[in-house]
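Reader: Please show me the model. I want to ask how its labels are earned.
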Amino acid sequence: MRKSIRVKFTLWYVGSISFLFLVFGILVFLKLQTVLIGNIDAELLNGGLSLAHDLPEYRLKDKNRPQSLYTMDLEGELLFSDDLEQEVKEIFSVNVAFVQLITCPENSGDSPQIVAGTVNLKTPLPFPEKPGEKIGSDSPHIQTITDIFPFSIRMINIRAYDYHKNPYILQIAISMKEMNQVLQNLLLFICFLFPLLLILLSIVGFFFMKKVFSPIKQIVDLTNRITAKDLSKRLDMADNSDEIGELAQTLNHMIERLEQSFARIRQFSEDVAHELKTPLAKLKCNAEISLRKDRTTAEYQNDISAIIKDIKTLEQITNDLLFLSRMDSRKIPRSFEKFCLHELVLSVFEETHQSAHEKKLIVDFGRIDPVDIYADQGLIKTMVDNLISNAVKYTRPGGIIRIDLQKQNKDAELTITDTGVGIPEADLPLIFDRFFRVDPSRSLETGGSGLGLAIVQKIILFHDGRISVKSSPGKGSSFFIRLPRVK
Ligand code: ADP
C-alpha cells in the first residue's frame with residue numbers, strides 16, 4: 001500500500017516529540033525523587049546531629065538500667081525519655097519523625113536495649129544488623145526501610161555518647177509517604193498528559209504537514225496535467241527561494257528542454273516527409289508518363305534510367321538518415337585503427353578529381369604534413385569526401401579549391417578552402433542542422449539533401465574532434481577540421 005509522505009512525516013514528528021516528552025518525563029521524575037530524598041536525608045542528618053549533640057548532658061542514674069538516663073534542670077531531675085518528645089517536636093518541624101535511642105553493646109553478640117522512643121512509634125525501629133561495626137564508625141548510615149510500617153521510611157543511625165562517654169545509637173526515621181504521594185501525583189499527571197499530547201500533536205502535525213506539503217501537491221497536480229501534447233504550462237512557484245522553488249525551477253527547465261526536443265522531433269518528421277515527397281512524386285510521374293503509350297526499347301531504357309536515378313536519391317536520403325540515427329544511438333561499431341590521414345585525403349581527392357576537372361576547377365595542395373591519426377578510416381573517408389564534394393559543388397567553374405593538412409600541437413588540422421558562392425553569416429550556425437540548405441533551389445540543381453554537413457559534424461564529434469567554418473558570400477568558404485593525432 002502506498003503511504004503518503006505527509007502521513008509518514010506526521011508519524012515521525014509525533015513519534016520523535018513523544019519520545020522526547022517521555023524521556024523528559026522520566027528525567028523530571030527521577031530528579032524530583034532525588035531532590036525529595038535529599039531533603040529528607042538532610043533533615044534526618046541535621047536533626048540527628050543536633051540530638052546527638054545534646055546527649056552528653058545526660059548521665060546514667062543506674063549503670064545497669066540504660067532507661068535511667070537523666071539530666072538536671074531548674075525543676076530538678078529530668079529523664080531522657082521524658083525530654084525526648086519535646087526535643088523532637090522542636091527539631092523536626094517539617095516532617096513527623098520517629099526517634100529511638102538504643103544502647104550500643106560492646107560485645108557484638110549482645111542485642112541492644114531500647115533506652116527511649118517517641119510515642120508515635122507503635123513498633124520499635126529495626127536495630128542495625130551489626131550495631132558494633134556500624135556504630136564503630138562515626139559516619140551516619142541512612143537507608144530506606146519498607147517492611148516495618150505500612151509505608152516506607154527513611155532511617156538514619158547516628159552514634160551518640162552520654163556524659164560518661166557510654167555509646168548509644170540514635171535512630172531517627174521520617175515517613176516517605178508524603179514524598180511518594182508527590183511522586184505518584186507527578187506520574188499520574190505525566191500518564192494523563194502523554195496521550196493528550198499525542199492526540200494534540202497528531203492533529204497539529206497533520207495540518208502542519210498539509211501546509212508544508214501543499215506546494216508539492218500542486219507540483220504533482222500540474223506535472224500530471226503537462227503531457228506531450230501541452231508542454232507550454234510552467235510551475236509558478238519557481239520564484240520561491242526555498243527547496244520547493246528550486247525543485248519547481250528544475251522541473252520547469254526539464255519541461256522546457258522536453259518542449260524543445262518535441263518541437264525538433266516534429267520539425268524533423270516534417271522535413272523527412274518533405275524531402276521524400278519530391279523524389280517520390282518525380283518517380284510516380286516518370287512511371288506514369290512511360291506507361292501512357294507504347295514506347296521503343298530505347299525509350300523504355302531511358303525512362304527506367306530516370307526512375308533508377310530517383311530511386312538512388314531516395315536511397316541516399318534513407319541511408320544518410322539511417323547513418324545519423326545509428327550515430328545518435330551510438331550503434332556504429334568502433335573499428336579504430338592507426339593510418340596516415342594525408343594519404344587518405346589524397347586518395348579521396350583522386351576519386352573526386354574527375355568532377356573538379358569537369359568544372360575546370362583548380363585544385364591547389366598547400367602544405368600537406370604527413371600525419372597519423374587513430375580513427376575509423378571508413379568514417380573519416382566519408383567526412384573528407386563530403387567536404388571536398390561540397391567545395392566542388394558550391395564553387396563556380398574556374399574557381400580554386402585549396403587543401404591543407406598541418407600538425408597543430410596534439411592535433412591534425414585539415415583545411416578545405418574554396419572560392420565558391422560562400423554562406424551568409426546568419427546561416428553559418430545552421431549549416432550543420434539536418435536538411436538545412438542555404439538555397440534550396442540551388443541544392444536541387446546540385447542534388448544535395450542537406451544531410452552532408454550533419455554527417456560530417458557527427459563523424460568529427462565521434463572522434464573527439466572539432467569543426468569550424470569561415471565564409472563570406474561571393475568570396476568563398478573555409479572549413480577547419482581538427483582531429484587528435486598519433487605522435
Ligand atoms: P547539401 O547536401 O545540400 O550540400 P550539406 O549538409 O552538405 O547539404 O550542406 C548544407 C548547406 O550548406 C548546403 O545546402 C549549402 O547551401 C551550404 N554549403 C555547404 N558547403 C558549402 C560550401 N563549400 N560553400 C558554400 N555553401 C556550402
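**Contacts and labels**

Author: In helix 1, Gly 47, Ser 50, Leu 51 and Asp 54 meet Glu 87, Val 88 and Ile 91 of helix 2. This is a predicted model: local features need pLDDT of at least 70, side-chain atom pairs count only at pLDDT 80 or more, and totals for chains, interfaces and linings use all residues. Numbering starts from 1 along each chain as its sequence is written, and side-chain values use heavy atoms, without hydrogens and water.

Reader: What makes Gly 47, Ser 50, Leu 51 and Asp 54 residues that meet helix 2?

Author: Contact means heavy atoms within 4.5 Å. These four have such contacts with Glu 87, Val 88 and Ile 91.

Reader: How do the residues of this contact divide?

Author: They are 3 nonpolar, 2 polar and 2 charged. Ala, Val, Leu, Ile, Met, Phe, Trp, Tyr, Cys and Pro count as nonpolar, Asp, Glu, Lys and Arg as charged, and the others, Gly among them, as polar.

Reader: What makes Asn 390 a polar partner of the ligand?

Author: A polar contact is a pair of N or O atoms within 3.5 Å. A polar side-chain atom of Asn 390 lies 2.9 Å from a ligand oxygen atom, so the pair qualifies.

Reader: Which distances do Lys 393 and Asp 418 have?

Author: Lys 393 has a side-chain N or O atom 3.2 Å from an oxygen atom of the ligand. For Asp 418, a polar side-chain atom is 3.0 Å from a ligand nitrogen atom. Both therefore pass the polar-contact limit.

How values were computed: Helices (H or I, at least four residues) and strands (E, at least two) are DSSP runs, numbered from the N terminus. A polar contact is a pair of N or O atoms within 3.5 Å; within protein, one must be able to donate a hydrogen and the other to accept it, and residues adjacent in sequence count only if both atoms are side-chain atoms.
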